Structures are given as structure tokens and as C-alpha cells.
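Dear colleague,

Here is the structure, to be kept with your notes. What I found in it is set out below.

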Amino acid sequence: MSERPKSASVVVHLLIAVTVLGLGFGGGALFGWSTRKRTPAPPEKSAEAIPDAEVKSELAACRRELKAIKKARAMPKVMVTPGELDDAGVEVAAKVEALQKEVHECRVRETLQNGYVCGTIGKTINLYHTLAHGMSCADPPGIGEYLLSSLDTCTEFDEFPAHVDEDELTKSESARIYESLIEHDTQSEKNLMAYMQHIRRGCRRIWVLPPE
């Protein structure tokens, strides 16, 4: 009868010891976890607001891409038989094709932008006429320079641009290109300067002003 209480006493002491050890280990682990120096997670890079692309920056990027394509075309081509292209080669070919498409679209946008400027030279001349008559027949500041610089955008319209698909243009875009074709054939720096001078002279005759 005396062995059972003794055994029970031993079991109780063992349970108490295990409990104390468990609490001590768990409490230490909890304390260490709660007090350890936490390394802050690296902040995610917030997407910075990208400003609206100006036409000149877009065209500059387009020219860089065109230069890269021309350089790639100038390199000697390696003949490859079917089955020799691995996954990396296919990926490179896909990237080149995507870049060529992007460059083509950029060239079309540049041509349409030039067509807008070149094709509106006639309307700008009408504006020059109106402003000259409203400014005592003087040369409207900036308009003459703009007209002369607009001639540079007409250089590619000696014929309909081959890289532009007319079927994909709007009526307005198509009209601009045909207007640019006309301006290319009829306008020159000499003609524009003479016409602006003619406008000012005619204005002075109307308003009975002395010659320039």
C-alpha cells in the first residue's frame, strides 16, 4: 500500500517539472519573439507618376529605335535551318518583331504629326493675313518663323508615304496627308517670304500707310 502513494508522488513531481520547463521555454520563446529586432520589409517601389509624353520626346525615342533596327539590319545575317532555333532564339525573334512593329507605329505617328503641320500651312497663312491687318500691317511676331519652319515637315511628302496604310487612316488624317502633298509641291521658303511681304504691302495700301 505504501508504494502507490510513493509512485503517485513521483508522477506528480514529474508533471510539475515538465510544466515548469514548458512554461519557461514557451515564455522565453514568446519574450524573444516579441522583443527581437524586426527587420522592416523593404518598401514597395511606388510607381512614380509618369508625365504625359511630349511629341518631341516620343519622336526622339522612335528615332533611337529606328537607329537600333538599322544597325541590326546592317549586321551579317546567320543562316539558320529549321529546328536550330532554341527557346532563347525564338524569344529574341519575338522581341525583334515586336520592336519592328512599335517602330513602324512610331513612324506612322511621326508622319501624321508632320502632315498636320505641313497640311495646315495654308490656314496659317490666312492667320498671318488676319493678324497683320490687326497689327497696323506689321509682321505678326512668331508667325512668319513658324511658317518657314513648317516647311521642314513637308520634306517627306514628295509622294504618299509608303509606310502608311491609307486604309487604316481616318478621313481627317488622309486629308492632311494629301494637303501636305500639295504644300510640298507648291510651297518654298522663297514663295512664303514673298507672300508674307505681299500681304503686308497690300495691307499698307488699304490703310494708306507708308511703305515698310
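In which helix is T111 found? T111 sits in helix α3. The model is a predicted one, and every value in this email is computed from it.

To finish with T111: its relative accessibility is 2%, and since anything under 20% is classed as buried, T111 counts as buried. Setting aside residues up to four places away in sequence, T111 touches E156, F157, P161, H163 and V164.

Overall make-up

The protein chain has 7 helices and 0 strands. Read from the N terminus on, its elements run α-α-α-α-α-α-α. The chain is 212 residues in length, and 23% of them count as buried. Among contacts in the chain with a separation of 6 or more, 74% come from residues 24 or more positions apart.

Disulfides

How many disulfides does the structure hold? There are 2 disulfides.

One of them joins C118 to C154, with an S to S distance of 2.0 Å. The torsion about this S-S bond is about 110°, so the C118 and C154 disulfide is right-handed. C118 belongs to helix α3 (residues 87-119), while C154 is in the loop between α5 (143-150) and α6 (171-186), so the bond ties together parts that are 36 residues apart in sequence. C118 and C154 are both buried.

The other pair is C137 and C203, whose sulfur atoms are 2.0 Å apart. Here the torsion about the S-S bond is about -70°, so the disulfide of C137 and C203 is left-handed. This pair links distant parts of the chain, 66 residues apart: C137 is in the loop between α4 (121-134) and α5, and C203 is in helix α7 (residues 189-206).

Are C137 and C203 buried or exposed? C137 has a relative accessible area of 1% and is buried. C203 has a relative accessibility of 0% and counts as buried too.

Helix α7

Since C203 is in α7, that helix comes next. α7 has 18 residues and reaches 26 Å from its first C-alpha to its last, which is close to the 26 Å expected at 1.5 Å a residue. The buried residues in α7 are L192, M196, I199, R200, G202, C203 and R204. Two arginines, R200 and R204, are thus in that list. The cover over the buried residues of α7 includes α4 and α5. After α7 comes V208, which has a positive phi, near 50°.

How α4 and α7 pack

At what angle do α4 and α7 pack? The angle is about 30°, and the axes of α4 and α7 are 10 Å apart. Angles under 35 degrees count as roughly parallel, and α4 and α7 are therefore roughly parallel to each other. Their crossing is right-handed.

The residues that meet are as follows:

- From α4: I121, I125, Y128, H129, A132 and H133.
- From α7: L192, Y195, M196, I199, R200, C203 and I206.

C203 is thus in the α7 list as well as in a disulfide with C137.

Two residues from these helices

I199 is found in helix α7. With a relative accessibility of 4%, I199 counts as buried. Which residues is I199 in contact with, leaving aside its neighbours within four places in sequence? The contacts of I199 are I125, Y128, H129 and A132. Those four residues also appear in the α4 list above. I199 and Y128 are 71 residues apart along the chain, and their C-alpha atoms are separated by 8.5 Å.

T124 has its place in helix α4. T124 is buried, with a relative accessible area of 11%. Not counting residues up to four places away in sequence, T124 touches I143, Y146 and L147.

If you look at the model, the C118 to C154 disulfide and the pair C137 and C203 make a plain starting point, followed by the packing of α4 and α7.

Regards

Methods. Residues are numbered from 1 along each chain as its sequence is written. This is a predicted model: local features need pLDDT of at least 70, side-chain atom pairs count only at pLDDT 80 or more; totals for chains, interfaces and linings use all residues. Side-chain values use heavy atoms; hydrogens and water are left out. A disulfide is a pair of cysteine sulfur atoms within 2.5 Å. Buried means under 20% relative accessible area, exposed over 50%, partly exposed in between (1.4 Å probe, protein chains only). Contact means heavy atoms within 4.5 Å. The expected span of a helix is 1.5 Å times one less than its number of residues. Axes are lines fitted to C-alpha atoms, for helices over the stretch in contact, and angles run from 0 to 180 degrees between N-to-C directions. Angles under 35 degrees count as roughly parallel, over 145 as roughly antiparallel, 65 to 115 as roughly perpendicular and the rest as oblique. A crossing is left-handed if the near helix is turned anticlockwise from the far one by less than a right angle, and right-handed if clockwise.
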